[in-house]
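This report covers the metal sites and part of the helix packing of a protein. The sequence and structure come first.

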Amino acid sequence: MKAVVLEETRKISVREVPDAEMQDTTDVLLRITSTAICGTDLHFYEGRMRGIEGGVIGHEPLGVVEEVGSAVINVKKGDRVTVPTHICCGFCAMCVEGHSSACLTTNPGAAGAAYGYPNKGGYQGAQAELLRVPLADANCLKLPGEPGDNWEDDFVLLADAFTTGYHGVAVIEIAPSDTVVIFGAGSVGLLAAYSARLRGAARVYVVDAIAERLEKAGELGAIPINFLQGDPVEQIREQQSKWRSGPAFRQEKALGGVTCAIDCIGFQARSKTDYSREDPLWVIDAIADLINPAGRVAIIGVWPLKDPSGIERSLKQGKLEVPWSKLFNNNVRIAMGRDDDKRWNSKLRDMIINGAAKPSQIVSHRLALDEAPDAFEKFDRRADGYIKIILKPA
Ligand SMILES: [Zn+2]
Ligand SMILES: [Zn+2]
């Protein structure tokens, strides 16, 4: 089969590899129709998270079931399905409580498994023509329609981008009238903004520095904030000062910040004064400055255990400096971590089917599998409006 292989740092090739094969009676084999490139793939591409060099990458597939193991009950040949990035078993102590991203059996000795990901169980990636899906009954999400229909690019985002964006707003219970700031306008940040609007947030600010991404945030109903055009904290406080509600009407001093914040960038944040270099510290500082007392913060951008090649000493050791005291004294609630995809994917699927959500608005490029090397290079540079790329193996 043809597949996208990360040969070494910054070297992607599309080449023939042995076909993905059934290994267990609980597996199915998926013929991939769409498979997305994720910002997380860039961490591997840049060599910042290592361990899958020489292997197939990708963790966001949509396809049709081609082969079914004898012990699979609920999935049939010909079913259209997507599977979550995080491979779960459905029966371990974590899975039964809904923590599917921390499954205890699919990556023995650790919590959590994934396709095409270092240190997540060694499962082959999904940017390929075929994918082996283990524990198919627990992982396959059945979908209506036909390959290539109007839902194709919505459904592929259920594997990760939409569920992760939604996870960011759900874990801090964003609700009607909340004011929200989202750092990062990649696909997850944009879909977090979209999800915040779906849940009734009154105002959503999206902070980034890439023109096409900020424009897309505006199209989704958010207020774009370019962090290179002035301190984002001041820009947002300025905007909030024009908008008064709640306590201000009873003569108290308006709070001036936001009720909720979501970090959708993670450890490779760009400096707000010099985009050419990284500064992983400023985003959480800005959040601590902006969040109102009793505010809620979600950290869903990727933070690796350690970042040996990073510029920041504390992060090299996996101990980022955070303004803990400011957060504590403001009674701020923090939620963080990976997306328990299965908690949300069937609900978001039903919103797509019923016309209540159209996440594919954020898709910028639909390309053949062969175009992956060029797509990675451009996506990594944030060039030419590359925001979300869907590869089409067929
Ligand atoms: Zn992803
Ligand atoms: Zn499990």
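## Helix packing and zinc sites

Leaving aside residues up to four places away in sequence, Ser195 has contacts with Phe162, Gly165, Tyr166 and Val169. The model discussed here is predicted. Ser195 belongs to helix α6, which spans residues 187–198. With a relative accessible area of 0%, Ser195 is buried, because buried means under 20%.

Leu191 is also placed in helix α6. Its relative accessibility is 0%, so Leu191 counts as buried. When residues up to four places away in sequence are not counted, Leu191 touches Leu157, Ala161, Phe162, Gly165, Pro359 and Ile362. Phe162 and Gly165 thus appear among the contacts of Leu191 and among those of Ser195. Ala217 lies 26 residues from Leu191 along the chain, and the C-alpha atoms of this pair are separated by 9.1 Å.

The model also contains zinc ions. For the zinc ion (ligand 1), the coordinating atoms are Cys38 (SG), His59 (NE2), Glu60 (OE) and Asp160 (OD), at 1.8 to 2.3 Å. Along the chain, these donors follow the spacing C-x20-H-E-x99-D. Why is the arrangement around the zinc ion (ligand 1) tetrahedral? The 4 donor atoms subtend angles of 99 to 129°, and four donors count as tetrahedral if all angles lie between 85 and 135 degrees.

The zinc ion (ligand 2) has the protein donors Cys89 (SG), Cys92 (SG), Cys95 (SG) and Cys103 (SG), which lie 2.3 to 2.4 Å from the ion. The spacing of these donor residues in sequence is C-x2-C-x2-C-x7-C. The site of the zinc ion (ligand 2) is tetrahedral, with angles of 102 to 116° among its 4 donor atoms.

Are the donor residues buried or exposed? The table gives the relative accessibility for some of them, including His59.

| Residue | Zinc ion bound | Relative accessibility | Class |
|---|---|---|---|
| His59 | ligand 1 | 1% | buried |
| Glu60 | ligand 1 | 0% | buried |
| Cys89 | ligand 2 | 5% | buried |
| Cys92 | ligand 2 | 7% | buried |

For the zinc ion (ligand 1), the donor residues His59 and Glu60 are therefore buried. For the zinc ion (ligand 2), Cys89 and Cys92 are buried as well.

How values were computed: Residues numbered from 1 in each chain as written. Chains lettered and ligands numbered in written order. Predicted model: local features only at pLDDT ≥ 70, side-chain atom pairs only at ≥ 80, totals over all residues. Heavy atoms only, no water. Helix = DSSP H or I, 4+ residues; strand = E, 2+ residues; numbered from the N terminus. Buried < 20%, exposed > 50% of the residue type's maximum accessible area, 1.4 Å probe, protein only. Contact = heavy atoms within 4.5 Å. Donors = N, O, S within 2.8 Å, 3.2 Å for Na, K, Ca; no water. Tetrahedral: all angles 85-135°; square planar, octahedral: opposite > 155°, others 65-115°.
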